[in-house]
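Please open the model in a viewer and keep the selection tool at hand. The tour below proceeds by selections, each followed by what is to be found there.

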Amino acid sequence: MIRLTPPDPGGLYTNAVGHWIIVVAAMVAVIFVILTAAAYTVWFERVGLGRFQRRPGPNRVGPFGLMQLAADGVKLATKESFAPRGVDPVLYVLAPAIMVVAAFLAWSVIPIGLSSGFTYWIANLNIGILLVFAVSSMNAYAILLGGWSSNNKYSLLGGLRAAAQLISYEMALGLSLVPVFMIAGSLRLSDIASYSVHWGFYSGPVPLILLAPLSFVIYLVSAVAETNRTPFDLPEAEQELVGGYLTEYSGLKFVCFYLGEYVNMITVSALASLLFFAGASPAVGPFAWLAFFVKIVFFLFLYIWLRATFPRLRYDQLMRLGWKVMLPLALLNVVVTAVVLVAVQ
Amino acid sequence: MAEERESRRRRQNVVQDVAALATGLKTTLSEVFKPLVTVQYPEEKSTRSERYRGRHYLRRYDNGLERCIGCELCAAACPVGCILVIAAENTDEHRVSPGERHAKVYEINMLRCIFCGYCEDACPVQAIVLGPEYELSNVSREQFVYTKEMLLEPNPAQQDPIRVGQEEPRR
């Protein structure tokens, strides 16, 4: 089932030179697209939150405020690069770099369907989803190091909270996807997204949410916690921890953390779409990329909706939900799925 | 038995909790479709009430004569002392107001004024009134001392109104 060689559109990947050209071009394109997407996710969130609170959100810079993020970017980039006294000079700079690098690295394996069909841009790893998990776990390092190196007790507390939270919810997140792998029989994202079945008279693709609905629920909740979003935004609980691990960061270093957070949001939305809703699989139709885009926007909207609705959990509630609800449910889900799979085969 | 009841209660609570989350989501989503409450200042402005106390005006009678008779009651009533009135006699050749005297100088220091409206209450001839304008910012302290020319309503008898700024006169 696991194929080590990627599918080859037009023989480009087998050609040594063509391979590198396409990979480098794809990297540049992905960075550009994701940066733009992150900027407009921020715009979408601000306008969306505004609508939830019956106000218009940013609407001054450009049409519908669409250039707001350009203005914000210029403002942040031209700010003084200030570092408080007593920071660890290496780690203080390294932390935001880790954050943004890890966020972009996950996109190297996420397949983006083009109009010609289901294809990949940079890498089609047979363990793609593991790579996504590996690099998204690096967020914990970024946040923890940022909090520790800032020489500020609020930053440190925020960093510690973040580390504990990420470790707690990573377990549930990883386990929630195990049934998906078991059903699809592959860790390659494109295989999971284009999973299809032969059920008697029906033979074709099926979105995995129908086969693993509990996985989807656990994934959704854990993903919100993984990206430190409301109602699990304890690491940067501004009412009690100033800005959490972000307190001592300003200018472009702040941008790195902020950007990383929003790219992670897009990443988990894209993963939810790929793993549970067939992503950009060609089975979706000729406008696969559009379907993929719509699904990502839907999940981003869900994030904003959650943020507009729910208050932040208390820390013990967060830990209880993670360890006593999500983790046992995820384990049970794995066991039940395994039993059902064996019984069916 | 008690344990069983306890576990049943807890099960119900889980269902209720999830239902509560759904109710919350429904409530916030319904807000999205309601009209915005934001007033896009400065393009849009909210309406002032009839009794709003903004910038002052000195009114005239319909025949163009000033109402102010220079009695200085407004200056006496002013709790912060921001009104300066210097009166002068009316003569038949130079009649400014119907009474014996008129205000030769009438100045209000808008930086001091607290817009309490006591001057309006004190005035025996309803000469000074507080209008609806509230955008009174300026760039130097001197420009906040409003002179009589700035405060006076345009003269309906003259076709050349004495007005400073963009302010509309009170009805």
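Begin in chain A by selecting helix 4 (residues 128-149) and helix 5 (residues 153-184), which pack at an angle of about 165° with their axes 7 Å apart. Helix 4 of chain A is therefore roughly antiparallel to helix 5 of chain A, the cut-off for that term being an angle over 145 degrees. The two helices, 4 and 5 of chain A, cross in the left-handed sense. As with everything on this tour, the arrangement belongs to a predicted model.

Now show the side chains along this contact. From helix 4 of chain A, the residues to display include Ile129(A), Phe133(A), Ala140(A), Ile143(A), Leu144(A) and Trp148(A), together with Gly146(A) and Gly147(A). Facing them in helix 5 of chain A are, among others, Leu156(A), Gly158(A), Gly159(A), Ala162(A), Ala163(A), Leu166(A), Ile167(A), Glu170(A) and Gly174(A). Coloured by class, the contact of helix 4 with helix 5 of chain A divides into 13 nonpolar, 8 polar and 1 charged residues.

Keep helix 5 of chain A selected and add helix 11 (residues 315-344) of chain A. Helix 5 and helix 11 of chain A pack at an angle of about 15°, and their axes are 9 Å apart. Helix 5 of chain A is thus roughly parallel to helix 11 of chain A. The crossing of helix 5 and helix 11 of chain A is left-handed. The contact between helix 5 and helix 11 of chain A comprises 19 nonpolar, 6 polar and 1 charged residues.

Next, select helix 7 (residues 213-226) and helix 9 (residues 251-276) of chain A. The packing angle of helix 7 and helix 9 of chain A is about 165°, with the axes 11 Å apart. Helix 7 and helix 9 of chain A are therefore roughly antiparallel to each other. Helix 7 of chain A passes helix 9 of chain A in a right-handed crossing. On the side of helix 7 of chain A, display Phe216(A), Tyr219(A), Leu220(A), Ala223(A) and Glu226(A); on the side of helix 9 of chain A, display Val268(A), Ala272(A) and Phe276(A). This contact of helix 7 with helix 9 of chain A has 7 nonpolar residues, no polar residues and 1 charged residue.

Before leaving chain A, centre on Phe64(A), in the loop between helix 1 and helix 2 (68-77) of chain A. What is the phi of Phe64(A)? Phe64(A) has a positive phi of about 55°, although it is not a glycine. Most residues other than glycine have a negative phi.

Show both chains and turn to where they touch. The contact takes 9 residues from chain A and 10 residues from chain B. On the side of chain A that touches chain B, the elements giving two or more residues are helix 1 (16-52) and helix 10 (288-309) of chain A. Helix 10 of chain A gives the most to that side, with 3 residues. The residues on the side of chain A that touches chain B divide into 5 nonpolar, 1 polar and 3 charged.

Hide chain A and colour chain B by domain: domain 1 covers 1-34 and domain 2 covers 56-151. The centres of domain 1 and domain 2 of chain B, taken over C-alpha atoms, are separated by 65 Å. Select Pro42(B), in the loop between helix 1 (2-32) and strand 1 (56-58) of chain B. The peptide bond from Tyr41(B) to Pro42(B) is cis, with omega near 5°. Most peptide bonds are trans.

The final selection is an open sheet in chain B, with 3 strands in the order 2-3-5 and antiparallel pairing. Strand 2 (83-89) and strand 5 (145-146) of chain B stand at the edges, each with a single partner strand, so one side of each has no neighbour in the sheet. Strand 2 of chain B is joined to strand 3 of chain B by 7 bridges, and Val85(B) stands opposite Tyr106(B) in strand 3 of chain B. Strand 3 (residues 101-109) of chain B pairs with strand 5 of chain B in the antiparallel sense over 2 bridges. To locate that pairing, display Ile108(B) with its bridge partner Tyr146(B), then Asn109(B), which stands opposite Val145(B).

Methods: Residues numbered from 1 in each chain as written. Chains lettered and ligands numbered in written order. Predicted model: local features only at pLDDT ≥ 70, side-chain atom pairs only at ≥ 80, totals over all residues. Domains from an automatic or database assignment. Contact = placed C-beta atoms within 7 Å. Nonpolar A, V, L, I, M, F, W, Y, C, P; charged D, E, K, R; others polar. Axes fitted to C-alpha atoms, helices over the stretch in contact; angles between N-to-C directions. Parallel < 35°, antiparallel > 145°, perpendicular 65-115°, else oblique. Left-handed = near helix turned anticlockwise from the far one by under 90°. Pairing = 2+ DSSP bridges.
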